[in-house]
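Let's take a walk through a protein model together. Keep the 3D view open and turn it as you read.

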Amino acid sequence: MAEVIVYSTDSCPWCRKVEEYLQMNNINFDVKKVDQDREAAMEMVQASGQQGVPVVSIDGKMIVGFNKAEIDKALGL
Amino acid sequence: MTQNNLLDTVIIGAGLAGYGAALYAGRFKMNSVILSRDTGGTINWAHIVDNYPGIPNIEGIDLADKIKEHALKFGAELKLEEVENLQKEDNYFKVKTDKSEYLTKTIIIATGRERKKLGIPGEEEFQGNGVHTCAVCDAFLYKGKTVGVVGGSDSAAKEALVLAEHAKKVYIIYRKDKIRAEPTLYEKVMETSNIEIINNTNIIQAKGDGRLSHVILDNQYNGSEELPLDGLFIDVGYVPLTELARTIGVEENENGEIIVDKMNCTNVRGVFAAGDVTDIEFKQAITAVAQGSKAAYMAFKYVNTNTKPS
């Protein structure tokens, strides 16, 4: 099973959309709140090369924004 | 994989117009599916909505979730699938998604609209590194910093108000002589001490080294065409998402919006449209839901008077 991490903030609509999409496809994932966890924020910026949320990490592959096609491809949906 | 049962209606788009349609389609006992890449639509980006009757002072995304929950209660099924192709047959339509194919007697198009790009050098280069499109998502990055919002609409004013809660200084940069936000919002903007409006000015370039550091204006501001900014939020209007509708001959106006009559019928029999994708002048949450309900009613009438199951 792929390791999935969603980097998000509480107020971010796209973050909730990403989480909703993963839930509807029965994908287990962890959430890291980058506005509350500085280490997670640094990790996201370093790995994705940018600061905006959401970012989805799927087995280390960083997908910026809610990019359904890329998420589907990475998870084989 | 084609779903063999012939649906009464397929609603394309899960924003408020789509939910309004789904709610009524469900109550009319229509066999219906909502197909959408994501849910909520443009209301997701409204920080606080305070003009939806009965539900005052609510975050846009929460309002969308409430209406979704209510709409789906009556039986419409929501599938997070992206519609790729529409095809008109003799007395039904084929709707192909990235996951499946559906056959339906009617279609309700509620695809909404997406944000326009500003189209300046640097916009793509600094995306996520100083250039953003969603204040409620990324405002937290700019605590104590200086940011700009490009645009003069209600939505741009709301973005500025969200940013003003975090940033030290917020500039609204607008190409005309006065932002056109509704009076209540305009008043709030004017009362917010860390928001300043720069009128009659366009941004012509975003510049920096690895991340945004300043923008170039087409007019001098405080004696300079360079305005130092840590962040720039772009909110310069929307483009209606009509590509799919166009493939089955649905007519649009000069702004690329679907032309509907007062009951949300398009020029194509069996195809209805609702919400921000249409030529309705007053694009609001309340009008989107209402349009969705009318489209569902007309689809219901159409199914009961014009089609025979094939």
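Here is a look at chain B, its strands and its contact with chain A.

Before we start, keep in mind that this is a predicted model.

**Chain B as a whole**

Chain B holds seven helices and 17 strands. Its radius of gyration is 21 Å, close to the 19 Å that the globule rule gives for 310 residues, so chain B is as compact as a globular protein of that length. Along its principal axes, the C-alpha trace of chain B spans about 70 × 40 × 30 Å. How much of chain B counts as buried? The figure is 50% of its 310 residues. Now take the contacts in chain B between residues at least 6 apart in sequence: 62% of them join residues at least 24 apart.

**Around strand β9**

Find strand β9 (residues 146-150) of chain B. Four of its five residues are buried, so to speak of this strand as mostly covered is fair, given that a residue counts as buried if 20 or more other C-beta atoms lie within 10 Å of its own. β9(B) runs parallel to strand β10 (residues 169-173) of chain B, and five bridges join the two. To get from β9(B) to β10(B), the chain passes through helix α4 (residues 154-164) of chain B, making a right-handed β-α-β crossover.

β9(B) also pairs with strand β15 (residues 231-234) of chain B, in the parallel sense and over four bridges. Val149(B) is a handy residue to click on: its bridge partner in β10(B) is Ile172(B), and in β15(B) it is Phe233(B).

**An open sheet**

Next, look for the open sheet of three strands in chain B, with the order β12-β13-β14 and antiparallel pairing. Which strands are at the edges? They are β12 (203-208) and β14 (224-228) of chain B, each of which pairs on one side only. From one strand to the next, the twist averages 30°. In the pairing of β12(B) with β13(B), Lys207(B) stands opposite His214(B).

Here are three strand pairs from chain B side by side.

| Strand pair | Sense | Bridges |
|---|---|---|
| β9(B) and β10(B) | parallel | five bridges |
| β9(B) and β15(B) | parallel | four bridges |
| β12(B) and β13(B) | antiparallel | five bridges |

As a general point, strands of a sheet pair through backbone hydrogen bonds, either parallel or antiparallel.

**Where the chains meet**

Finally, 18 residues of chain A are in contact with 18 residues of chain B. On the chain A side, helix α1 (residues 13-24) gives the most, with seven residues. Sorted by class, that side of chain A has eight nonpolar, five polar and five charged residues.

Technical notes: Residues are numbered from 1 along each chain as its sequence is written. Chains are lettered from A and ligands numbered from 1 in the order in which they are written. This is a predicted model: local features need pLDDT of at least 70, side-chain atom pairs count only at pLDDT 80 or more; totals for chains, interfaces and linings use all residues. Two strands pair if DSSP finds at least two bridges between them. Axes are lines fitted to C-alpha atoms, for helices over the stretch in contact, and angles run from 0 to 180 degrees between N-to-C directions. Two residues are in contact if their C-beta atoms, placed from the backbone, lie within 7 Å. Ala, Val, Leu, Ile, Met, Phe, Trp, Tyr, Cys and Pro count as nonpolar, Asp, Glu, Lys and Arg as charged, and the others, Gly among them, as polar. The radius of gyration is taken over C-alpha atoms; the globule rule is 2.2 Å times the number of residues to the power 0.38. A residue is buried if 20 or more other C-beta atoms lie within 10 Å of its own, exposed if 12 or fewer, and partly exposed in between; C-beta atoms are placed from the backbone. A crossover is right-handed if, with the strands pointing away from the viewer, the path from the first strand over the helix to the second runs clockwise.
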